[in-house]
Amino acid sequence: VRELDTSNILEQHQANLDWRLASTTKVLSCDYALEKLGPTFQFETNLSYKGTINNGVLKGDLYFTGNGDPSFLTNNLMDMSVALRKLKIEKVDGTIFFPKELKQIISKQGTLDEPYNPSVGLLNTNFNRWTFYQEEVIPPFDHIQMQESNEGFYYDQRFRFEEAQGVEKWLYSAKIHYRGQTDAAIRKPHLYTTKAFQYILNLWGIESKKVKEMKSFDELPLWSSEIFQHKSLPLMELCSQALEYSNNLFTEAILMKAANSYNIKTAVNHLKKMYKWKNFQLDSGSGLTYTNKAPANDMTYFLQQRALHQYDGKRGLLSLLSGNGVNGFMANRMIDKDMYLRSWSKTGSLDYVNNIIGVLFPQSKKPIVYFIGLTHESSRQLIEKPLSQRTDTPGMSPGSFRRLADEAIDQIITYLSTKH
């Protein structure tokens, strides 16, 4: 716990240990991106063509490109399709080209099938997730292939990705009864986004038969005619959403763009280099990797230095954090007339890890910066073993730990509010 204005440490406990940061890492990544790109930066997604249009037929190719917009949706693909339709194109007598896949999975730790752990691409759609519903794939794209399997699944694994040329192939366990809707991550977001575009074209009756992954950006023509360009919300709003909803895809895409890198690990190294951090162990920008660690003292020092910084002379980092009783992960926390809006913070959680970093306005009216971390270490070490070595299950469920940890953290914050 530090004073915001002076950085003086008021109290500490195990503050120099390396704590698993989880999603509190997102505060670091968003601050870095806003500093590098500026709050008004916008991602762009483009559709262009090269060829001629005669009698409703495009004699040529479409080029579908982007620079990593994580907020892109099928709604935007509809706008793109309408723009193509306005050119009176009824058939694409050529190929829809899309960028080479980056093959950047946010975290390679765990079962790798969680919907919040998709791959990050230059083209992303609907948060790069697909749905398994009553043993059918939603959306019904022909490139997503499902196959039942009896082998190769660990005790808590629902799906297993299998590399295959030109398709998104997943195996599902014959031993699990899949009830209702089950979501999973997309591993080839460029192909997925292009197939979604092709599907919407088909709804309009616009024929297009071929899609193809470019081997490199050298395959882009030097000149082509623009059909449509979509621009994302400004970066300040994307960072606000990334923090409020703790969105992993948003954060990694934002960090990669800010670092001008197509590799998550390289982007993270740029982040560490800019702030000259020596005690930070970072392998992802979102905190989904359990190897993201730093001392509590270093985290509070970072926030003390940056909390009041304003990127555009107006909005700053502090206002991007969730206010208790109002929004984000703190909306339903400490709903009390004496605590209302006193804590502005970002939570972070993994199984058996629960922490929070923020600025607190105590009754003394002298704001403080705090980092609180709680970990059930024996359970955490058990599930951090390689999947092939997991034979036991923790005695306490992750949900039970989270409920107890949330209650303890709220009590600590309330205590800090009255003491300081």
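1. A helix's expected span is 1.5 Å times one less than its number of residues. That is the yardstick for helix H1 in this predicted model. H1 has 13 residues, so the rule gives 18 Å, and the C-alpha atoms at the two ends of H1 are indeed 18 Å apart, in agreement.

2. How much of H1 is covered? Of its 13 residues, 10 are buried. If you would like to find them on the structure, they are Thr-25, Lys-26, Val-27, Leu-28, Ser-29, Cys-30, Asp-31, Tyr-32, Ala-33 and Leu-34.

3. Which elements cover those buried residues of H1? Among them are the helices H4 (235–244), H5 (248–258), H6 (264–275) and H7. Two strands also belong to the cover: S18 (343–350) and S19 (353–360). Just after H1 comes Gly-38, whose phi is positive, near 90°.

4. Now to the charged pairs. The model has 19 salt bridges in total. One of particular interest for H1 joins Arg-306 and Glu-35, with their closest N and O atoms 2.7 Å apart. This pair links distant parts of the chain: Arg-306 lies in helix H7 (residues 296–306) and Glu-35 in H1 (residues 25–37), and the two are 271 residues apart.

5. Are the two partners in that bridge buried or exposed? The cut-off for buried is under 20% relative accessible area. Arg-306 has 15%, so Arg-306 counts as buried. Glu-35, at 34%, is partly exposed.

6. A second bridge worth a look pairs Lys-337 with Asp-338, where the N to O distance is 3.5 Å. Lys-337 is exposed, with a relative accessible area of 76%. Asp-338 is partly exposed, and its relative accessible area is 42%.

7. The third bridge to check is between Glu-384 and Arg-380, whose side chains meet at 2.8 Å, N to O. Both of these residues are buried. Which residues do they share a network with? Salt bridges with shared partners join Arg-20, Glu-377, Arg-380 and Glu-384 into one network.

8. If you have the viewer open, two places bring these points together. One is H1, where 10 of 13 residues are buried and Glu-35 reaches Arg-306 of H7 through a salt bridge. H7 is also among the elements that cover the buried residues of H1. The other is the network that holds Arg-20, Glu-377, Arg-380 and Glu-384.

Technical notes
Residues are numbered from 1 along each chain as its sequence is written. This is a predicted model: local features need pLDDT of at least 70, side-chain atom pairs count only at pLDDT 80 or more; totals for chains, interfaces and linings use all residues. Side-chain values use heavy atoms; hydrogens and water are left out. A salt bridge is a side-chain nitrogen of Lys or Arg within 4 Å of a carboxyl oxygen of Asp or Glu. Helices (H or I, at least four residues) and strands (E, at least two) are DSSP runs, numbered from the N terminus. Buried means under 20% relative accessible area, exposed over 50%, partly exposed in between (1.4 Å probe, protein chains only). Contact means heavy atoms within 4.5 Å.
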